[in-house]
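Biologist: I'd like to go through this model with you and ask where each label comes from. Can you pull it up for me?

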Amino acid sequence: VSNNVTINNLLPGAFDTHRLRQTFVQKASRCADSPESIAIQRSQKIPAGRFGVPEEFGAYCAFLCSTYASYITGQNILIDGGAYPGVF
């Protein structure tokens, strides 16, 4: 901080991206299920009941890069809809 260097970490959970959707397609082909069904099952395991959207991740990142977050330093920001089952 004294040298105007701040390091924070964004720790994302499951975000609704093309990559995540591709994993559902791959798993569905192995499990004889539909990608939609796999996605529903996975999202139900997240306490928020849904996947994050890329715009949310961008907003968190923009906030941490803004002057509004200038007093935050050395933090791990968990953005996973409550999926992580503990504290750290």
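What follows is a chat about the labels on this predicted model and the values behind them.

Biologist: Let's start with charge. What makes Lys27, Arg30, Arg42 and Lys45 a patch?

Modeller: Those four gather in a patch of positive charge on the surface. Like charges are joined within 9 Å, and members need over 30% relative accessible area and no salt bridge. Take lysine 45: its relative accessible area is 68%, and that is over 50%, so it is called exposed.

Biologist: Where does lysine 45 sit?

Modeller: In the loop between α2, which spans 35-43, and α3, which spans 54-65.

Biologist: On to the cysteines. How do you know that cysteine 61 is in no disulfide?

Modeller: The structure holds 0 disulfides. For cysteine 61, the nearest cysteine sulfur belongs to cysteine 65, and it is 4.3 Å away. A disulfide needs the two sulfur atoms within 2.5 Å, so this pair doesn't make the cut.

Biologist: Are those two cysteines buried or exposed, and why?

Modeller: They get separate labels. Cysteine 61 has a relative accessible area of 31%, which lies between the 20% and 50% limits, so it is partly exposed. Cysteine 65 has 65%, which is over 50%, so it is exposed.

Biologist: Which helix holds cysteine 65, and how far is it from threonine 6?

Modeller: Cysteine 65 is in helix α3. Threonine 6 is 59 residues away in sequence, yet the C-alpha atoms are 9.5 Å apart in space.

Biologist: And why is cysteine 31 called partly exposed?

Modeller: Its relative accessible area is 44%; that falls between 20% and 50%, so partly exposed is the label.

Biologist: Salt bridges next. How many are there, and what makes aspartate 16 and arginine 21 one of them?

Modeller: A search of the whole structure finds 2. In the aspartate 16 and arginine 21 pair, the N to O distance is 2.8 Å. The cut-off is 4 Å, so the pair counts as a salt bridge. Aspartate 16 is partly exposed at 30%, and arginine 21 is partly exposed at 33%.

Biologist: What about arginine 50 and glutamate 56?

Modeller: Here the N to O distance is 2.7 Å, which is within 4 Å, so their side chains also meet in a salt bridge. Arginine 50 has a relative accessible area of 42% and is partly exposed. Glutamate 56 comes in at 22%; that isn't under 20%, so it is partly exposed rather than buried.

Biologist: Now the greasy side. Which residues make the nonpolar surface patch?

Modeller: Leu11, Leu78 and Tyr84 make a nonpolar surface patch of about 240 Å². Tyrosine 84 lies in the segment after β2, which spans 76-79. Its 41% relative accessibility is between 20% and 50%, so it counts as partly exposed.

Biologist: A few alanines to finish. What is notable about the phi of alanine 32?

Modeller: Alanine 32 has a positive phi of about 55 degrees although it is not a glycine. It sits in the loop between α1 (18-31) and α2. At 75% relative accessibility it is over the 50% limit, so it counts as exposed.

Biologist: Why is alanine 14 called buried?

Modeller: Its relative accessibility is 16%, which is under 20%, so buried it is. Alanine 14 lies in the loop between β1 (9-12) and α1. Its C-alpha is 9.0 Å from that of isoleucine 79, with their positions 65 residues apart along the chain.

Biologist: And how do you know that alanine 28 is buried?

Modeller: At 5%, alanine 28 is under the 20% limit, so it is buried. Alanine 28 is in helix α1, and its C-alpha is 9.6 Å from that of alanine 39, 11 residues apart in sequence.

Biologist: One last label: what makes glutamate 36 exposed?

Modeller: A relative accessible area of 53%, which is over 50%, so exposed applies. Glutamate 36 is in helix α2. Glutamate 55 is 19 residues away along the chain, and their C-alpha atoms are separated by 22 Å.

Key:
Residues are numbered from 1 along each chain as its sequence is written. This is a predicted model: local features need pLDDT of at least 70, side-chain atom pairs count only at pLDDT 80 or more; totals for chains, interfaces and linings use all residues. Side-chain values use heavy atoms; hydrogens and water are left out. Patches are made of residues with over 30% relative accessible area and no salt bridge: like charges are joined within 9 Å, nonpolar side chains (Val, Leu, Ile, Met, Phe, Trp, Tyr) within 5 Å. Accessible areas come from the Shrake-Rupley method with a 1.4 Å probe; for residues, only the protein chains shown count as cover. Lys and Arg count as positive and Asp and Glu as negative; His and the chain ends are not counted. The place of a charge is taken as NZ of Lys, CZ of Arg, CG of Asp or CD of Glu. Helices (H or I, at least four residues) and strands (E, at least two) are DSSP runs, numbered from the N terminus. Buried means under 20% relative accessible area, exposed over 50%, partly exposed in between (1.4 Å probe, protein chains only).
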